[in-house]
Structure formats: C-alpha cells, structure tokens
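Student: Hi! Could you walk me through this one while I have it open?
Tutor: Happy to, just ask as we go.

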Amino acid sequence: MPKKLIQRFMPNPATLREHKHLRIFGKLLHKPNLWALNRKSAPGAFAVGLFFAWVPMPFQMVAAAGFAILFNVNIPVSVALVWITNPLTMPVMFYGAYLLGAKVMGLESQEFHFEASWHWIESSLTTIGPPFLLGCGILAMISAVVGYFVIQNLWKYSVLIKWQNRK
C-alpha cells in the first residue's frame with residue numbers, strides 16, 4: 001500500500017481543524033481516525049468516496065465528507081475519490097449508468113441530446129431519469145463494496161509482505 005505517498009499529499013489535520021469554513025464542525029473533526037490512514041479508516045474511506053462518485057448531485061464532496069465523519073473514516077481520501085467523476089469522465093460514467101439502469105428495468109435505451117437547461121432536466125426526469133438513477137444506485141453500491149474489500153485485502157497483503165521482509 002503506498003501509504004507514505006498518500007500521506008505526503010494529505011493536508012495537515014491541525015490546519016484543517018482551524019480553517020474558518022470547517023470550524024462549524026467543532027469537535028467532530030478532532031477524531032484521529034478521520035485523518036489517519038490505517039487498516040480501519042482506508043477501506044471505509046474508499047467505500048464512501050466511490051459511493052458518492054456515482055451520486056449525481058451537486059456538492060458530492062460535502063456529502064462524502066459528512067458520511068466520512070459519520071462512519072469515522074478518512075476524510076481526505078473520501079473526498080478525493082469523489083473526483084473520479086470529473087468533467088472528463090462524467091459523461092461516459094453516467095451514460096453507462098443510464099444504460100445499466102435501462103437494461104435492469106427492461107427498457108429500450110433512448111437517444112437523447114443533452115442540453116444545459118432547466119427545461120431539459122425537468123423533461124428528462126420522467127423519461128431517462130428513472131433508469132439513470134437506478135444505474136447510478138447500482139454502480140454506487142457495487143463500487144463501494146468492491147472498493148472496500150479491494151483496499152482491505154491490499155492492506156492485508158502489504159502487511160504480509162512487510163512481515164516476510166522482516167524475516
């Protein structure tokens with residue numbers, strides 16, 4: 001596990017606790033597991049971050065941080081993983097979610113052309129919205145579960161390798 005590499009890019013917890021916008025969380029941010037990268041906080045952080053990467057909503061990072069606090073897992077990792085869905089990857093990922101949702105619902109996938117308007121969003125909620133949201137939900141749960149167990153097993157494997165190297 002590249003723990004030292006990840007820790008190099010993680011912000012200083014003391015600085016974040018004193019940040020003017022984060023002071024509202026008060027003592028909630030003082031739990032050491034929220035900032036530690038260990039065998040308990042890392043898999044959970046991956047699960048939270050990967051789950052919210054598939055949730056089509058604004059301020060995904062805020063939701064990921066809130067759930068990281070709720071589940072007592074690493075906040076920086078949870079928030080960073082939300083950026084898997086970025087302006088470059090989002091169209092492909094969300095179109096795939098729509099196709100999966102349509103397949104699960106037994107619907108024919110429809111052709112549509114995206115428009116950045118409120119009218120398009122309102123009209124699409126009834127046509128492509130249900131399969132899209134179902135696909136996002138399925139992929140969010142699968143990503144969270146797979147991410148959790150992959151990181152947990154990678155952590156165990158790295159510990160095993162360290163023990164073998166000590167011998």
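**Aromatic pairs and helix packing**

Tutor: Let's begin with the rings: Phe51, Phe52, Phe67 and Phe71 form one aromatic cluster. Keep in mind that this is a predicted model.

Student: Thanks. How many aromatic pairs does the structure hold?
Tutor: There are 6 aromatic pairs. One of them joins Phe51 and Phe52, with ring centres 5.3 Å apart and planes at 80°, so that pair is edge-to-face.

Student: Phe51 and Phe52, are they buried or exposed?
Tutor: Phe52 is buried, at a relative accessible area of 8%. Phe51 is partly exposed, at 31%.

Student: And what about the rings of Tyr95 and Tyr98, how are they arranged?
Tutor: The ring centres of Tyr95 and Tyr98 are 6.3 Å apart and the planes lie at 35°, so the pair is tilted rather than stacked or edge-to-face.

Student: Where do those two tyrosines lie?
Tutor: Both Tyr95 and Tyr98 are in helix α6, 3 residues apart, which is about one turn of the helix. An α-helix has 3.6 residues a turn, so residues three or four places apart point the same way. As for accessibility, Tyr98 is buried with a relative accessible area of 3%, and Tyr95 counts as partly exposed at 42%.

Student: Let's stay with α6. Which of its residues are buried?
Tutor: In α6 the buried residues are Met93, Phe94, Ala97, Tyr98, Gly101 and Ala102. They pack against α3, residues 41-53, and against α8.

Student: How do the axes of α6 and α8 cross?
Tutor: The axes of α6 (residues 90-105) and α8 (residues 129-166) come within 6 Å and cross at roughly 105°. Angles of 65 to 115 degrees count as roughly perpendicular, and therefore α6 is roughly perpendicular to α8.

Student: Which residues make that contact?
Tutor: From α6 the contact uses Phe94, Ala97, Tyr98, Leu100, Gly101, Ala102, Val104 and Met105. On the α8 side there are Pro130, Pro131, Phe132, Leu134, Gly135, Cys136, Ile138 and Leu139. Sorted by class, the contact of α6 with α8 has 14 nonpolar, 2 polar and no charged residues.

Student: What span should α6 have?
Tutor: With 16 residues at 1.5 Å a residue, α6 should span 22 Å, and its end C-alpha atoms are indeed 22 Å apart. After α6 comes Gly106, whose phi is positive, near 75°.

Student: Switching to α3. How many of its residues are buried?
Tutor: In α3, 12 of the 13 residues are buried, so this helix is largely enclosed by the rest of the structure. The buried set is Ser41, Ala42, Pro43, Gly44, Ala45, Phe46, Ala47, Val48, Gly49, Leu50, Phe52 and Ala53.

Student: What covers them?
Tutor: The cover over the buried residues of α3 includes α4 (60-71), α5 (75-81), α6 and α8. As for length, α3 reaches 18 Å from its first C-alpha to its last, close to the 18 Å expected at 1.5 Å a residue.

Student: I'm looking at Ser41. What does it touch?
Tutor: Leaving aside residues up to four places away in sequence, Ser41 touches Asn33, Ala36, Val73 and Asn74. Ser41 is found in α3, and it counts as buried at 0% relative accessibility.

Student: Now Val77 and Trp35: how far apart are their C-alpha atoms?
Tutor: Those C-alpha atoms are separated by 9.0 Å, while Val77 and Trp35 are 42 residues apart along the chain. Val77 lies in helix α5 and counts as buried at 9% relative accessibility.

Student: And Ile142 with Leu50?
Tutor: Ile142 and Leu50 are 92 residues apart along the chain, with their C-alpha atoms separated by 9.1 Å. Ile142 lies in helix α8 and is partly exposed, with a relative accessible area of 48%.

Student: Stepping back, how many helices and strands does the chain have?
Tutor: The chain has 8 helices and 0 strands. Of its 167 residues, 35% count as buried.

Student: Last one. What percentage of the contacts join residues at least 24 apart?
Tutor: Among contacts between residues at least 6 apart in sequence, 70% join residues at least 24 apart.

Definitions and conventions: Residues are numbered from 1 along each chain as its sequence is written. This is a predicted model: local features need pLDDT of at least 70, side-chain atom pairs count only at pLDDT 80 or more; totals for chains, interfaces and linings use all residues. Side-chain values use heavy atoms; hydrogens and water are left out. Axes are lines fitted to C-alpha atoms, for helices over the stretch in contact, and angles run from 0 to 180 degrees between N-to-C directions. Helices (H or I, at least four residues) and strands (E, at least two) are DSSP runs, numbered from the N terminus. Angles under 35 degrees count as roughly parallel, over 145 as roughly antiparallel, 65 to 115 as roughly perpendicular and the rest as oblique. Contact means heavy atoms within 4.5 Å. Ala, Val, Leu, Ile, Met, Phe, Trp, Tyr, Cys and Pro count as nonpolar, Asp, Glu, Lys and Arg as charged, and the others, Gly among them, as polar. The expected span of a helix is 1.5 Å times one less than its number of residues. Buried means under 20% relative accessible area, exposed over 50%, partly exposed in between (1.4 Å probe, protein chains only). Rings of Phe, Tyr and Trp (its six-membered ring) pair if their centres lie within 6.5 Å; planes under 30 degrees apart count as stacked, over 60 as edge-to-face and the rest as tilted.
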